[in-house]
Every structure is written in C-alpha cells, then in structure tokens.
Amino acid sequence: MNKQIVLLPGDGIGSEIMESAEKVLDAVAGEFGHSFTLQEHAIGGAAIDQYDTPLPETTIEACQKADAILLGAVGGPKWDALPADKRPEKGLLGIRKELGLFANLRPVKGFPSLLHASPLKEHIIDGSDILIIRELTGGLYFGKPSERQNNGNAVVDTLHYHRDEMERIIDKAFQSARLRHHHLTSVDKANVLESSRMWREIVEEKSKAYPDVVVEHLLVDAAAMKLITQPDQFDVMVTENMFGDILSDEASVLTGSLGMLPSASVRSDGVGLYEPVHGSAPDIAGEGIANPLGTILSVALMLRHSFQMEAEAAAVERAVRECLEQGYYTSDLHITDGQLVSTAQMTEAVLENMTVKSVSD
Ligand code: NAD
Ligand code: IPM
Ligand code: MN
C-alpha cells in the first residue's frame, strides 16, 4: 500500500526523534511490503526562521493532501519573546484548527518492565490503562483574537465552546468507552465554570444513548489527585482542551516518563496528525539523548488509526516492549539496572526487534 506522509520535525529534539520515526517507517515498509512517501515541511520556530511565520501556507497545503501527518515538537527559548500570534506554538494550534482535528487521543498504558521507573509505588500504577480524550480545537486556547487583551495592567483570555463542539468530542468518548471497558470519566469544573455546566449537561444527555457505558463526573482538581492515587480506577477520561493538556502530562508519570507518551489528533473521517505528548525539550536538545519511544509509538497509532494496519502497529509496539524488557533505557527513565542508551541506539534496538521477530515468525 502506498501512503503519503508529511513529516513536521519542528524544533529542539523534534528533528532527533523524527529521524527515529523515519527509520521505523522504513522498517515497516520493508517488512510488510508497503511504500511510504515521506515529505518534510516546516512548522514552529524552524518555520519562523525560514519563512517568518510558524505555519507557512505550503505546510498547510501539504498536510491537507497527506494521508497522515507526523509531528515532532515546536517551541524553544529562541522564540519565547515573540508575541502570541507569532510564536512557534501558534503553528501547532493553527494546523490542528486548519485540519479540524478536534479529538486528541492520549493512551496512557505503562510497559510492565517500566513499572519501577515511575516515582509512584508499583502497586498503585500496576494495571492502569487509561485513554485520555482531550478536546483539541476549542476553549481557552482559541479565544477570539479581538477579545484577547493586555493593556499592561489587565489581561483578558476568553473561553468559547459551542454545544456542537462539546457533543462531538463527548460522542467520541462514549464510542471509545464502548470499545474498551465501558467506563467513562468526564472531567470538568462545573462548580465554577459555565462552560463546564453545559459540558456536564451534555454528558448526561448523551449517556442515555449509551446505556452500556458507566459514567462518572469528576471535578478537575479531584481528578488530578485520583489520577496518581488510584489510576487503575480510570478507563476513558474525556475533558476540554486545557484540562486535558495538564492531566495528560501528569498521567505520563504512570509510564515512567513524559517521553513515553504518544498521541493521535483526529477528526471524524480518520485523517490524523500524530505527535508525542511532550515538547521540544530545549534542556536536552542537540545531545542525542531524547527518548524516541513516544514518537515511535505515535507511528504505531498512525499505522492503526489512519492506515488500518493493525499487524504493523502491533509489530512496532511489540518491538518497543521487547527493547524495554531487554533493559535498554534513555536517561529520562529513572532506572538503575539495564543499559543506558542514546536516541539512535534506542531506535536501533527497536529496529533490531522488528527484524528479528519477523524472521522468526
Ligand atoms: P517539554 O515536554 O519539552 O519538557 C519537559 C521535561 O521533559 C524536560 O525536562 C525535558 O527534557 C523532558 N522531556 C520531554 N520529552 C522528552 C523526551 N522525549 N526524552 C527525554 N526527556 C524529555 O516541556 P517544556 O520544557 O515545558 O516546554 C519546552 C518547549 O516545548 C516550549 O516551547 C513549549 O511550548 C513546547 N511544547 C511543545 C509541545 C508540542 O510541540 N507538542 C508540547 C509541549 C511543549
Ligand atoms: C501539547 C502542547 C501544546 C498544547 C502547546 C505547545 C501549544 O503542550 O501538545 O500538549 O498545549 O496543546
Ligand atoms: Mn502539553
């Protein structure tokens, strides 16, 4: 099968982890007889430096034509002083909005061999398997520019949600719960926010159409606490844009490192942008030590969700699991036994496991 994939490496460790992803895509193509056409485009700070905008028109057009998109990360100190509209992050928000990628799926499932890499106690995280579904194109992130103000003494950010925007993400969450363990936790701040009250009302309304799904409402502050004290009590979690951003970084602690988490940003027709949950990690950029596994696992999500290549996705995930079982770890994973490796070495270990497996199968 031939697929056109747009690569958006972005900034900081973005290009380092993208190199790993390209190698994995090459290996999948070779092992399974596919052909992936990879086309690289600029986004974020790299695009600002080259084109004076974080999201060039050529990048948007290429993404619109692609079968799927893979993103590294954007942002960094070099561009931090720029006004909001010109920052690298605006490129990422812009491409999500342009493509209508309203559903961000962030699976949080630890690998057994990394249980001891988490600062949390093993018996607390053992058995946790959560799908965080984050609304991605609305809320505080997308307040109208005309309403965003800063006169030096007072600032205004606005939060808009239309009922339809809430309905589609909540529907997606119920459908996902049906494919998993039939439990949905809706997270809001309905004791304070009007938007959360509408959100909760819609979840209640929708639940009538999904009687097989057990629904629980949690306020976001309590949800943050429960996520690291009783993570095995969650199945699917659905929430608005900013709460989802914060809770997913927190949830990464269950897996041992933020560098482990993949994500899929999708719309109803299956078109998707795949990206690790972490950022450009300026503190380690250029050192060749970034953990590439969140990105490699994002490639697996792309194979599964955009290309319906389940066997290929499973092969990538199995290779990652085997590397970790063999004791390879990058410096973000707090492990003392095993072999500390670089980004390139971890990638080689994944490739090795993919090849060995297919030969012996
Ligand atoms: P970050 O996620 O980049 O880093 C947080 C910490 O986690 C750092 O100590 C970093 O070294 C570590 N880390 C993250 N990913 C890692 C990996 N793969 N391997 C090893 N360690 C890893 O968050 P930050 O430092 O708050 O933000 C840095 C920049 O990234 C900012 O400009 C921010 O806007 C941007 N950002 C971008 C994205 C994205 O592009 N999707 C996401 C989050 C943050
Ligand atoms: C993420 C990032 C982005 C977000 C930033 C860089 C705009 O933190 O993908 O989680 O908040 O959505
Ligand atoms: Mn984030």
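Leaving aside neighbours within four places in sequence, Asp 249 is in contact with Leu 258 and Val 277, two residues being in contact if their C-beta atoms, placed from the backbone, lie within 7 Å. The structure is a predicted model, in which local features need pLDDT of at least 70, side-chain atom pairs count only at pLDDT 80 or more, and totals for chains, interfaces and linings use all residues. Residues are numbered from 1 along each chain as its sequence is written, while chains are lettered from A and ligands numbered from 1 in the order in which they are written.

Asp 249 lies in helix H9 (residues 241-251); helices are DSSP runs of H or I with at least four residues, strands are E runs of at least two, and both are numbered from the N terminus. Asp 249 is partly exposed, because 15 other C-beta atoms are found within 10 Å; 20 or more would make a residue buried and 12 or fewer exposed, with C-beta atoms placed from the backbone. Asp 221, located in helix H8 (residues 220-229), has 12 C-beta neighbours inside 10 Å and therefore counts as exposed. The UniProt annotation "binding site", from an unreviewed entry, covers Asp 221, Asp 245 and Asp 249; such annotations may be inferred rather than shown by experiment, and the positions follow the numbering used here, with feature names shortened.

Ligand 1 is surrounded by 21 residues, the closest being Gly 75, Gly 259, His 278, Gly 279 and Asn 291; the criterion is a C-beta atom, placed from the backbone, within 6 Å of the molecule.

The protein chain contains 12 helices and 14 strands, and 48% of its 361 residues count as buried.
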